[in-house]
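Me: I have a protein model open and would like to understand the words people use for it. Could we go through them together?

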Amino acid sequence: MMDKAFSNLLKYIDKLPHTKKEQVYQWVKRYVDPTSSVGGRLINEMRETRFKDGFECPHCTSEHVVRFGKVKGRQRYRCKSCLKTFTDTTNTVLYRTRKGDEWITFVDCMFKGYSLRKSAEIVGVTWVTLFYWRHKLLSALKQMDFDHFEGIVEVDETYFLYSQKGQRGITERKPRKRGGKSKHRGISHEQVCVLVARDRTKATVSKVSCMGRIVKTKIETIIGTKLSSDNVLVTDAWRAYKTYAKEKGLKHYRIKSDDGKHVIKGLYHIQNVNSFHSRMKKWIDRFKGVATKYLDNYLAWFLFIDSRSNESTKHNIKEFLLSSFVFEMTDTYDSLRLSKFSV
């Protein structure tokens, strides 16, 4: 009897649309492996990672912290300096969230490239809520960093048309449809410059730098602290790079497209960074336009998944969550919605 019922269940599931099958999959995964839930081992790992150097008050950074009871099963702490209380999730993405396991399901959907509306059906919350979840995660994730580049560093910029997607009451220009086109030919101040620097170990910086052509001061701001005299800079022929390398005392190779020579001495080229540009633009195109004020968030998202071959594995999802949770994140829905673009 049970075998027949199970067989009928499988036949029924097989007839479901893809979104419903995904819902069943997420429910079964959560039931079979409850230790992967946010309320299980993940919270413990997050606490150990976040407080690896000892407990520190998220309000005043004091180390004079004591246990102070529990709230809904979660340990609460009290700072003896500022007298404020906090939990493991205070000032993180999960702070005051009423959901738990849904975050894991949503990150899985993010890796699989599902739209917000499709993700909303699977996760069981509205797509508007998921939009803010996405940007809370990414606002924390973009704080990931590394100390310095090694060896050869390829640097090049790419451009996106300035976008005010989602903003109402735009009066300075006519609205564009699906991104539209710039009023000016070539690179202008309607273009947002994204600077990408990448060494041969794949350590990468990808950030919005300015409007229009890149200038040496912006190069210094974005990657200056990660460069040393041991690095070799490889760029295109744009004069800002030449001036910057000279002032910084860096060995510099310039790739000039007009002479047809794309590799110098068989080693120095910018093919890795140009390939990164191509993958990044193709990936961002699927969003049908990204508001410029959120562009840095999407760049951080792409950088993370590209470094992990865009694979929706249990390890990558867990790493994405832990990487987001350990960084301080105090943005609210209103602060994200009302944020302004600035460079």
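Reply: Gladly! The protein exposes about 20000 Å², and carbon and sulfur atoms supply 51% of that area. Keep in mind that this is a predicted model.

Me: What makes a residue count as buried, and how many of the 343 residues are buried?

Reply: The cut-off is a relative accessible area under 20%. In this protein, 43% of the 343 residues are buried.

Me: What makes a group of residues a nonpolar core?

Reply: Its members must be buried residues of nonpolar kinds such as Leu, Met, Trp and Phe, joined through side-chain atoms within 4.5 Å. The largest core here has 60 residues, and L137, M280, L295, W301 and F320 touch the most other members. Helix α6 (residues 127-141) gives the largest share, eight residues. Apart from this core lies another one, of 22 residues, including F149, Y159, W238 and A240. As a general rule, nonpolar side chains in soluble globular proteins tend to be buried together.

Me: Which residues does L137 touch, leaving out those up to four places away in sequence?

Reply: L137 touches V93, W103, F106, V107, M110, F320, S324 and F325. Touching here stands for heavy atoms within 4.5 Å.

Me: Why are α5 and α6 called roughly perpendicular?

Reply: Helix α5 (residues 116-123) and α6 pack at an angle of about 105°, with their axes 8 Å apart. Angles from 65 to 115 degrees count as roughly perpendicular, and therefore α5 and α6 earn that description. On the α5 side, L116, R117, S119, A120 and V123 take part, and they meet W127, L130, F131, W133 and R134 in α6.

Me: Let's turn to the strands. What is the order of the open sheet of five strands?

Reply: The order is β6-β5-β4-β7-β8, and the pairing is mixed. Neighbouring strands are turned by 25° against each other on average, direction ignored.

Me: Why do β6 and β8 stand at the edges?

Reply: β6 (204-211) and β8 (251-255) have a single partner strand each, so one side of each is left without a neighbour in the sheet.

Me: How do you know that β7 pairs with β8 and with β4?

Reply: Two strands pair if there are at least two bridges between them. Strand β7 (residues 232-236) and β8 share five bridges, in the parallel sense. One bridge joins L233 to H252 in β8. β4 and β7 have three bridges, again in the parallel sense, and the bridge partner of E154 is V234 in β7. Both counts reach the cut-off.

Me: Why is β7 described as largely enclosed by the rest of the structure?

Reply: Five of the five residues of β7 are buried, so the strand is largely enclosed.

Me: Which strands does helix α9 touch where it packs on the sheet, and what is its angle with β4?

Reply: Helix α9 (residues 271-285) touches β4, β5 and β6, and its direction makes about 30° with that of β4. Angles under 35 degrees count as roughly parallel, so α9 and β4 fit that word.

Me: What makes the phi of T61 and of K288 worth a look?

Reply: Most residues other than glycine have a negative phi. T61 has a positive phi of about 65° although it is not a glycine, and T61 sits in the loop between α3 (38-50) and β1 (65-71). K288 is also not a glycine, and its phi is near 55°, a positive value. K288 is found in the loop between α9 and α10 (295-306).

Terms used. Residues are numbered from 1 along each chain as its sequence is written. This is a predicted model: local features need pLDDT of at least 70, side-chain atom pairs count only at pLDDT 80 or more; totals for chains, interfaces and linings use all residues. Side-chain values use heavy atoms; hydrogens and water are left out. Buried means under 20% relative accessible area, exposed over 50%, partly exposed in between (1.4 Å probe, protein chains only). Helices (H or I, at least four residues) and strands (E, at least two) are DSSP runs, numbered from the N terminus. Axes are lines fitted to C-alpha atoms, for helices over the stretch in contact, and angles run from 0 to 180 degrees between N-to-C directions. Accessible areas come from the Shrake-Rupley method with a 1.4 Å probe; for residues, only the protein chains shown count as cover. Angles under 35 degrees count as roughly parallel, over 145 as roughly antiparallel, 65 to 115 as roughly perpendicular and the rest as oblique.
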